[in-house]
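Please look at the sequence and the fold side by side before reading on. A visitor who is new to them will put some questions, and a guide will answer.

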Amino acid sequence: MKNTIPVLSALFFSLGASSVAQGAEGKPDVLVPYRSSTASEQARVSTESRMAWWHEAKFGMFVHWGIYSVPAGEYNGKTQPNSAEWIMNRGRIPIAEYGKFAAQFNPTQFNAEEFVLRAKSAGMKYIVITAKHHDGFSMFGSKASSYNVVDATPFKRDVMKELSNACQKHGMRFGFYYSQAQDWHHPGGMGNTWDKDLKRVSTDEYIREKAIPEVKQLLTGYGPIGIFWWDTPRKMSKESMDGLSSLTALQPGIITNDRLGEGYPGDHQTFERKIPVEGAAGQNWEVCMPISGSWGFKSSDTSFLTPTTLIRNLVDIASKGGNYLLNVSPTAQGTLLPASIERLKAIGEWMKVNGEAIYGTTASPFPALPWGRCTQKLTASGGSLYLHVFDWPADGKLTLPGLRSKVQSARLLASGQAVAAKSAGDSMVFSLEGKAPDAIASVIEVKLSEPLQVAALLPAQKADGSIKLSVAIADLHSEVARHATLKAAGDVWAADWLHPDAPLSWQFKVTKPGTYTVRAVVSGAGGGKLKVAIGASSAVGEITREEKGAKRTVVLGTLTLTGAGVQTLTLTPENAGWTGFRLHHVELLP
């Protein structure tokens, strides 16, 4: 796995011919058998129709499994850094030495049907598994290389075939992860910089000899494939990338991620380990994340996410319009650790009660909610909102700001108990009785009797008069500026913001007039002058250039807010020459 930082547009945030057809409740109806197709047939399958099942599913299982589960993160008596599947790289293990793990790989306790049923019981709707990771070992009976689970191990069984059959039997979508560019075993694969005995050939030769034949085999010999999950993008020739990409036409309706290479965006964007601050409006996206610290099985890894974190992650991602691909790591024996099993069971128990608030939902129409998250299923005449309450109100009053639509009814999903709702200006207040039905996330279904109407709510000052204005909610007055996610910090920033004709502005509610210090949180090596203005009051601050460009807070000046009501703060660059400058947010402090 490798982190990527996707860059989004200025309007930032606001598989196959189906192997399984989904019913209204997201349950599998029928299996559509695999058939080959031409590229032209594939092109006729629209993105919308190919992605329909994926949007309904919301939740899938990622599986990292290979012969790296034998050393389990330990080599020569030392725990190697990074995730376990990177041990060959991090331990700089020669090909001949690493290949010995294949002779020790004999997961006799593996049961494909049991494995699929664990995923299904957890509420997952699809499985994506590593057919070949960067180490170059194929977890299927490859016809292009004898370095595979059937020919090189005492196990002698095709893991991918068994899982594919079990998925078809139980109505689970099935997909392959494939490391197309990195292959530390093949002399033309990328990434092996340590094995001096490797007699190099071109990357194109590796693609022709191994990658293309293996991908073709996976797409023609394993039944209906819903997803092909490429990893990781590297600089390859266009001929190689075209050759790989064209193979997906063998499965009508298959979907792919965005990691084949530059110029091949796929059908959905991938965020690794980190949940974006906001959802990517107008884009299909998912978060892939391990259930513990390592993607592959690592014996020393005990940093499992709690059931609370996992369930709230799922809710958070769904509330932003994304999918959650949660990874598990089978051992060399072919089983999951009890810690993984316990967590999958906990998620499954929550989903049995609250699954309808996840499956087939779309992103919340509301800004950040202090008590939890919201998902929705809308119709032309109304539909339902699902309020996922993380923090049950002590006074029994739950306020949903901005809801103007009439509420037909509201109920707790856990018990069916009715919940009273009362309009209060541009908000709706729900009266809750007793304790939270679920300490992790209690769900209230709110049925609307008319089309959804949400008031545009402005940020307001806190009780002490301070306010934080994030770039994520700024008005961008030119396409010169854009927003981007900075996943490492869970932050949002404005980039390429270089011109005085491209001011940024925010509207907000003033409840406490007075004199305020305005500060900007910035990063990047650039600098320059910024004019900040609210009404007739203005000041000019200067961001000094710093060589390393670390995140820092800069005072822009002091402004006077003369009255209560809606005010507009504007930032205008006065120096069009700065570079590398990033703005994260603006703060007003009394």
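The conversation below concerns a predicted model, and takes up its strands and helices in turn.

Visitor: In what order do the strands of the open sheet of eight strands lie?

Guide: This sheet is open, and its strands pair in the parallel sense. Its edge strands, each of which pairs on one side only, are E9 (255-256) and E10 (269-272). Reading from the one edge to the other, the order is E9-E8-E7-E6-E3-E12-E11-E10.

Visitor: How many bridges join strand E7 to strand E8?

Guide: Strand E7 covers residues 173-179 and strand E8 covers residues 227-231, and the two run parallel. Within this pairing Tyr 177 has Trp 229 of E8 as its bridge partner, while Tyr 178 stands opposite Trp 230 in E8. The number of bridges that join E7 to E8 is five.

Visitor: Are the residues on the two faces of E8 buried or exposed?

Guide: On one side of E8 are Ile 227, Trp 229 and Asp 231, and on the other are Phe 228 and Trp 230. Because five of the five residues of E8 fall into one class, the strand is largely enclosed by the rest of the structure. Both faces are covered, and the class of all these residues is buried.

Visitor: Which helix lies across strand E6 and E7?

Guide: Strand E6 is formed by residues 126-132, and the helix in question spans residues 159-169. Its direction makes an angle of about 155 degrees with that of E7. The helix that lies across both strands is H7.

Visitor: How are H6 and H7 oriented to each other?

Guide: Two packed helices are described by the angle between their axes and by the distance between those axes. For helix H6 (residues 112-121) and H7 the angle is about 50 degrees, and the axes are 8 Å apart. The crossing of H6 and H7 is right-handed. An angle between 35 and 65 degrees falls outside the other classes, and H6 and H7 are therefore oblique.

Visitor: Which classes of residue make the contact of H6 with H7?

Guide: From H6 the contact takes Ala 112, Glu 113, Phe 115 and Val 116, and from H7 it takes Glu 162, Leu 163, Ala 166, Cys 167 and Lys 169. Sorted by class, the contact has six nonpolar, no polar and three charged residues.

Visitor: In which sense do E25 and strand E30 pair?

Guide: Strand E30 consists of residues 582-589, and seven bridges connect it with E25. One of the bridge partners is Leu 589 in E30, which faces Thr 517. The sense in which E25 and E30 pair is antiparallel.

How values were computed:
Residues numbered from 1 in each chain as written. Predicted model: local features only at pLDDT ≥ 70, side-chain atom pairs only at ≥ 80, totals over all residues. Heavy atoms only, no water. Pairing = 2+ DSSP bridges. Helix = DSSP H or I, 4+ residues; strand = E, 2+ residues; numbered from the N terminus. Contact = heavy atoms within 4.5 Å. Axes fitted to C-alpha atoms, helices over the stretch in contact; angles between N-to-C directions. Parallel < 35°, antiparallel > 145°, perpendicular 65-115°, else oblique. Left-handed = near helix turned anticlockwise from the far one by under 90°. Nonpolar A, V, L, I, M, F, W, Y, C, P; charged D, E, K, R; others polar. Buried < 20%, exposed > 50% of the residue type's maximum accessible area, 1.4 Å probe, protein only.
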